[in-house]
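Subject: Handing over a structure, with notes on what was found

Dear colleague,

I am passing on to you the structure we talked about, and I would be glad if you read the notes below with the model open beside them.

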Amino acid sequence: MGVPLDYHDPSVGYGQLAVIKANATGERRGTVLLNPGGPGGSGLSAVGGHSQEILYLTGGLYDVVSWDPRGVGSLTVPGEVYCFDSVADYNEFWNGTLELSGIEYAGNFTEQYDIGALLSQAPLMQEKYEELGKRCLRQPGGQYLRYMGTAATARDIIALVDMLDGPGSPVNFIGLSYGSLLGSWLVNMFPERVGRVLIDGIINPVFLATEETPIVWSQEIRDDGKLYDGMVIGCALAGPTGCPIVAQGQSASDVNRDIQGLVQRAYGAARKNGSVPVTSAIVRKEIWDAVDDPNGSWASFANSTYPALVAGVDLESKALNHTHRSLDTDRTSTQGSGRNATKSYSSVAILCADSVDTRGTNMEDVFKYLISVAQNGSQAATLWPSTFNYCPFWPVRAVERYQGSLNKTLSNTILVVSNLYDPVTPLAEAQDVVDLLEDSAVLVRQDGFGHMSISAPSACTNAVMRDFFVNGTIPAKGTVCQVDEDFELFPGVNTETILAAMSSE
């Protein structure tokens with residue numbers, strides 16, 4: 001589907017959207033559009049892999065349509081954003097920097113040695129991040145960077161609905177994670193077009209409109225400690241047969257002591273020998289990856305990853321393939337395309353296109369802020385690299401960013417959904433959005449762990465969503481859904497049991 005690159009200046013030319021559709025299974029009422037988030041998530045993959053689940057939630061009464069947004073994939077134009085010509089080019093550019101090694105520190109980042117070591121790298125990293133932006137602009141797709149972003153994508157949605165359901169038709173939309181920002185902008189840009197709109201995993205649009213992205217990220221991860229607590233408590237409840245980290249009779253505090261002790265030992269080994277295969281940065285990244293995805297990853301971390309990390313630290317062996325020293329590990333294109341095997345910068349390009357103008361922030365400012373967040377207990381603030389840390393140095397902003405009111409009165413009430421403990425889109429931000437929209441939005445809380453409600457099964461949440469799309473039913477204010485009782489985060493340990501243990505501490 002062809003769309004203007006700039007809706008306010010058609011003379012710039014046109015791009016195209018790669019669109020996918022799953023047909024309604026019942027009597028068709030219209031179209032529901034899905035954005036899976038990211039930013040930079042592929043709508044083609046989302047619908048291609050999950051069409052049956054989405055058709056169920058929408059009652060089979062709507063065609064489910066998604067697309068690869070601007071900056072995503074090889075079929076949409078502008079397409080995936082690449083800034084290096086080869087893996088070797090990438091590794092040479094970042095060699096000897098934090099981009100490949102991560103940040104090393106002990107405890108809560110209070111040691112002056114660690115602070116000084118990080119701040120000493122600020123000039124080099126600022127130079128690299130500024131040069132990265134120039135490299136991206138020099139690539140064939142660089143000319144399109146200013147035409148990416150959420151405001152343009154909201155207008156693309158209107159164009160899609162007009163084509164599929166007729167001009168002026170109601171917009172039915174599901175926005176997940178960063179797609180919730182798209183949902184917030186969409187309903188405020190086009191309040192008269194709002195049909196049945198659901199957003200899940202909520203970003204507060206006010207933060208992105210007013211704060212630089214490193215500060216936004218610190219707000220997004222404010223509940224990471226709660227999820228970590230849930231993981232160690234669940235481990236202790238499971239006992240050694242379900243969670244080998246814990247010994248018989250030990251408590252959650254013992255589990256935490258052992259995990260943090262492993263971080264400290266990895267840090268000590270790296271201080272002595274910078275080429276050890278398992279550093280504290282790697283251990284922290286593995287912990288965060290587990291915390292971020294409770295469904296399967298908590299138990300997998302305890303049973304597989306943690307023992308491998310222990311072996312790597314204790315034996316200083318290379319048996320564990322979790323090094324961040326080369327792109328050949330996990331820093332490859334999320335598209336898996338042979339066209340370019342280097343890292344994709346699509347998520348960076350889209351987020352930074354949406355973010356506030358540069359304010360003269362330097363890398364030392366960013367590092368000092370991250371240190372302060374870590375000193376306040378965050379497990380995730382210092383994970384490097386992070387998409388949110390590029391934007392103060394990114395050279396491009398979108399030709400249009402929505403800067404209007406975020407509390408419009410909408411033609412229909414929207415459904416806002418959040419887990420109780422979400423690692424990257426906290427419940428508080430879902431409440432913020434509902435408070436902004438007042439009677440035009442209602443919040444449904446799911447008492448679970450993980451990113452978005454879909455991270456854990458809940459017959460209650462599914463019923464609320466289905467009733468919303470099929471019958472237009474708006475749940476009562478204060479609606480709370482439980483995760484299904486038979487869903488276990490560790491063998492024999494479900495969500496309700498962990499939450500009860502947390503509330504009693």
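The notes that follow go through the sheet, the helix contacts, one loop residue, and then the cavities and a pocket.

Please keep in mind from the start that this is a predicted model, and that residues are numbered from 1 along the chain.

**The sheet**

A good place to begin is the open sheet, which is formed by 8 strands in the order 3-5-4-6-7-8-9-10 and has mixed pairing. At its edges you will find strand 3 (18-22) and strand 10 (479-482), each of which pairs on one side only. If direction is ignored, neighbouring strands of this sheet are turned against each other by 20° on average.

One pair that you can follow by eye is strand 8 (residues 414-421) with strand 9 (residues 441-449), which run together in the parallel sense over 7 bridges. Within this pair, Leu415 stands opposite Val442 of strand 9.

Two helices that pack on the sheet are worth locating next. Helix 1 (residues 43-57) touches strand 3, strand 4 (30-35), strand 5 (62-68) and strand 6 (171-176), and its direction makes about 160° with that of strand 5. Helix 18 (residues 495-504), in turn, touches strand 8 and strand 9, and its direction makes about 90° with that of strand 9.

**Two helix pairs**

Helix 11 (residues 252-272) and helix 13 (residues 294-315) pack at an angle of about 30°, with 10 Å between their axes, and their crossing is left-handed. On the helix 11 side the contact involves Asp258, Ile259, Leu262, Arg265 and Ala266, which meet Phe301, Tyr306, Leu309, Val310, Val313 and Asp314 of helix 13. Sorted by class, this contact has 8 nonpolar residues, no polar ones and 3 charged ones.

The second pair consists of helix 7 and helix 14 (residues 346-354), which pack at an angle of about 35° with their axes 13 Å apart, and here too the crossing is left-handed. Helix 7 contributes Tyr178, Leu181 and Trp185 to the contact, while helix 14 contributes Ile350, Leu351 and Asp354. These residues divide into 5 nonpolar, no polar and 1 charged.

**A residue in a loop**

Arg29 lies in the loop between strand 3 and strand 4. Which residues does Arg29 touch, if those up to four places away in sequence are not counted? They are Leu61, Tyr62, Arg196, Phe469 and Val470. It is also instructive to compare sequence with space for Arg29 and Asp165, since the two are 136 residues apart in sequence and yet 9.3 Å apart from C-alpha to C-alpha.

**Cavities**

How many cavities of 30 Å³ or more does a search of the whole structure find? The search finds 3 of them. The largest cavity holds about 140 Å³ of space and is lined by 15 residues, among which Asn35, Pro69, Thr153, Tyr178 and Ile350 lie nearest its centre. Helix 6 (150-165) and helix 7 (178-189) are the elements that give two or more residues to this lining, and helix 7 supplies the largest share, 3 residues. Tyr178 and Ile350 may look familiar, as both belong to the contact of helix 7 with helix 14. By class, the lining of the largest cavity has 6 nonpolar, 8 polar and 1 charged residues.

The second largest cavity contains about 60 Å³ of space, and its lining includes Leu5, Asp6, Tyr7, Arg70, Arg146 and Glu400. The residues of this lining divide into 7 nonpolar, no polar and 5 charged.

**A pocket**

Finally, please look at the second largest pocket, which has a volume of about 500 Å³. Of the 21 residues that line this pocket, Glu53, Ile54, Leu57, Leu176 and Ile454 are the closest to its centre. At least two lining residues come from each of helix 1, strand 6, strand 7 (194-200) and helix 17 (459-471), and the largest share, 6 residues, comes from helix 1. The lining is made up of 13 nonpolar, 6 polar and 2 charged residues. Helix 1, which you met above as a helix packed on the sheet, is therefore a useful element to keep in view.

With best wishes

Terms used:
This is a predicted model: local features need pLDDT of at least 70, side-chain atom pairs count only at pLDDT 80 or more; totals for chains, interfaces and linings use all residues. Side-chain values use heavy atoms; hydrogens and water are left out. On a 1 Å grid over the protein atoms alone, a cavity is a set of points where a 1.4 Å probe fits but cannot get out, and a pocket is an open set with protein on both sides within 12 Å along at least five of seven lines; lining residues have an atom within 4 Å of a point. Grid points are joined across faces, edges and corners, and a volume is the space filled by probe spheres set on the points. Helices (H or I, at least four residues) and strands (E, at least two) are DSSP runs, numbered from the N terminus. Ala, Val, Leu, Ile, Met, Phe, Trp, Tyr, Cys and Pro count as nonpolar, Asp, Glu, Lys and Arg as charged, and the others, Gly among them, as polar. Two strands pair if DSSP finds at least two bridges between them. Axes are lines fitted to C-alpha atoms, for helices over the stretch in contact, and angles run from 0 to 180 degrees between N-to-C directions. Contact means heavy atoms within 4.5 Å. A crossing is left-handed if the near helix is turned anticlockwise from the far one by less than a right angle, and right-handed if clockwise.
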